[in-house]
Amino acid sequence: MSTSREQTSGPDRCGFVPPYVLRHLAASRPDGCGPRTLLADQRLREHREALPPGATLRTTALPAAPEAAAWTVHDAGGLEQLPGTPVRAAGQPATGDPAVDEAAAGIEATLRFFAEVHDRASYDGAGAPAVVTVHFGRDYANAFWDGTQLVFGDGDGEVFERFTKPLDVMAHEFGHALTQATAGLVYEGQPGALNESVSDVVAACVKQWLAGESAADADWLVGEGLFRPGVQARALRDMAAPGTAYDDPRLGRDPQVGHLDDFVVTTDDNGGVHLNSGIPNRAFVLAARAVGGRTWEGAGAVWHAALLSGDLGPRTDFAGFAAATVSAAERVLPDHVETVRAAWRDVGVEPGRPSTGPAGQGPAATGVVEVRRSGGFAGTRVVARVDLADLAGDPRGDELVRLLTERDVRAEALGAGREAAGGAPQPDRFSYAFVLDGEEVVLPEQALTPSLQRLAGLVLDLGSTR
Ligand SMILES: [Zn+2]
C-alpha cells in the first residue's frame, strides 16, 4: 500500500488553460507565452512541492453571515510572488485598472451567487476571505487556484486576453476552492476530471445566474471572450458539445471528449483531467436541459447538494459521482431522479456505488486497464482491455478494483520489471504487457507476482467476454 502520492501532493494548482494548449502554443511560437507560462508553472510546482505535507487551504474560519464574505484583489506587478500588493477590497471603489476591477466584479459576483443561491459563505462555508491576485507574471496566459488563493495572468495579448476578462474564469477557479473544501477530489484521472467538471459547472451556473438565462437559452461556453480577435475559437470549452470549442493553428483543435467510450487514457494533463471532464460536463448539460428552467435551481442545485453530501471522496470516480447526484436528486429534486440518471447514461456512465475510499489508498482505480499476452509456443497475441467504469456490479470487476486500490500494482509491476530486466526471456513462455493509468510495463511470465498474475487473469477474462 502506498500513501506517498496522497501525502506529498499538497494543494492542487489547477491551471485554467490545459498544458496541451500551452505546449501547442510553445511549439508554434517559440517566443510566445507558452514557454514562459510553462516555466512559471514549473516554478510554482516546485514551490508547492516545498510545502509541508498536509498543507491545505487557508481556513480562517469566520462565523460570518453569507453576505459578509470578504475579498481582496492584489497586484503582483508582473512578478510571480504571491499574493502581491493589496489594491482593492470589498466595498472600495473601482481603481481604473481593468484587471483589478474585472477581478473585483468577478469575485464579488461569485461570492454573491453562493450566498444568495446556496446560502453558502465563501468556498469553505465559513466565510473564508477570498484572496485574488492579478498581473501575475509577464505575458502569463493562465489562471489558477493554488490551494489558498486565485491567480490571474494578463494573457499574451496575441492569442489570450486578460484572464480576468471572462467572468466565468473566476467562477471556475473558485469552483476548485469549493471542491477542495468539500469533496476534496484529487487532481488526476477520473476524480481530477470531475474536479475540472465541477469548476465548469460552477462557471456555467454563475454565468447563467448573472444573465438571468434559462438552461434552454444558455450557450454552455466556458471562457468565452478569452481569445483575441482572429483566433478560431468560440471559447475554451463547450460543455454541450465537447471537442468543438476551437480549431486554430496556434491552439490546435479542442481535444475534449463527451462520452465514456472516448475516455482518454494518458499521463499528460494529470491523466487527461481537461480532456475527460467533457464527459461529466455533457452529463450536466443534458440533465440541466431535461430538468429545464433555471440551471442553478435545477441540475445546479443537485450537483451542489452532491458536493456537500459526504457521498464523495478524494478518489470518487465517474460512476460514484453519478450515483451521488442521483441520491442528491432524490432529496432536492425528487421529480427528476430518472432525468439525472438518464443524463449520465447518455454519456456512457452507469451511476454506481460511490467509491469513497479514504485518502491515501494508493493509485486511483480509474480509466482503462489493458493486458496483452503475447509469445508462448504458438506465438499468439491476446489483447484485453477493460474500462473500470463498465464493471460496476460484476464481482470480478469488484475484485479488480480492489486489486488496483488496495495494492500499488503499478509500482509492483515496475519493481518486477526492474528485477526481470537482466534476466533472459525463457523460450516459449508468455510475455505480458500491462497498461495501467496510461503507463506500460512489459514483463516476462516468470516475473509476475501473484497479484499481477491475478490482475492479468481477471483482465483477460473480463476483456475477452465483453
Ligand atoms: Zn480548472
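Two residues are said to be in contact when heavy atoms of theirs lie within 4.5 Å of each other. The legends below describe close-up views of a predicted model.

**View A. Contacts between helices α9 and α10.** From helix α9, the residues A301, V302, W303, A305 and A306 meet F321, A324, T325, A328, A329, R331 and V332 of helix α10. Helix α9 covers residues 299-308 and helix α10 covers residues 318-332.

**View B. The crossing of helices α9 and α10.** Two packed helices are described by the angle between their axes and the distance between the axes. Here α9 and α10 pack at an angle of about 115 degrees, and their axes are 8 Å apart. Helix α9 is therefore roughly perpendicular to α10. The crossing of the two helices is right-handed.

**View C. The zinc ion and its protein donors.** The zinc ion has as protein donors H172 and H176, each through NE2, and E196 through OE, at 2.0 to 2.1 Å. Along the sequence, these donor residues follow the spacing H-x3-H-x19-E. The pair H172 and E196 links distant parts of the chain, 24 residues apart: H172 belongs to helix α5 (residues 167-181) and E196 to helix α6 (residues 189-211). Both H172 and E196 are buried.

**View D. The surroundings of D200 in helix α6.** D200 counts as buried because its relative accessibility is 0%, and buried means under 20%. The side chains of D200 and N281 are joined by a polar contact of 3.0 Å. Apart from neighbours within four places in sequence, D200 is in contact with H172, V222, R237, M239 and N281. Among these residues, H172 is also a donor of the zinc ion.

Definitions and conventions. Residues are numbered from 1 along each chain as its sequence is written. This is a predicted model: local features need pLDDT of at least 70, side-chain atom pairs count only at pLDDT 80 or more; totals for chains, interfaces and linings use all residues. Side-chain values use heavy atoms; hydrogens and water are left out. Donors are N, O and S atoms within 2.8 Å of the metal (3.2 Å for Na, K and Ca); water is not among the atoms, so sites may look incomplete. Helices (H or I, at least four residues) and strands (E, at least two) are DSSP runs, numbered from the N terminus. Buried means under 20% relative accessible area, exposed over 50%, partly exposed in between (1.4 Å probe, protein chains only). A polar contact is a pair of N or O atoms within 3.5 Å; within protein, one must be able to donate a hydrogen and the other to accept it, and residues adjacent in sequence count only if both atoms are side-chain atoms. Axes are lines fitted to C-alpha atoms, for helices over the stretch in contact, and angles run from 0 to 180 degrees between N-to-C directions. Angles under 35 degrees count as roughly parallel, over 145 as roughly antiparallel, 65 to 115 as roughly perpendicular and the rest as oblique. A crossing is left-handed if the near helix is turned anticlockwise from the far one by less than a right angle, and right-handed if clockwise.
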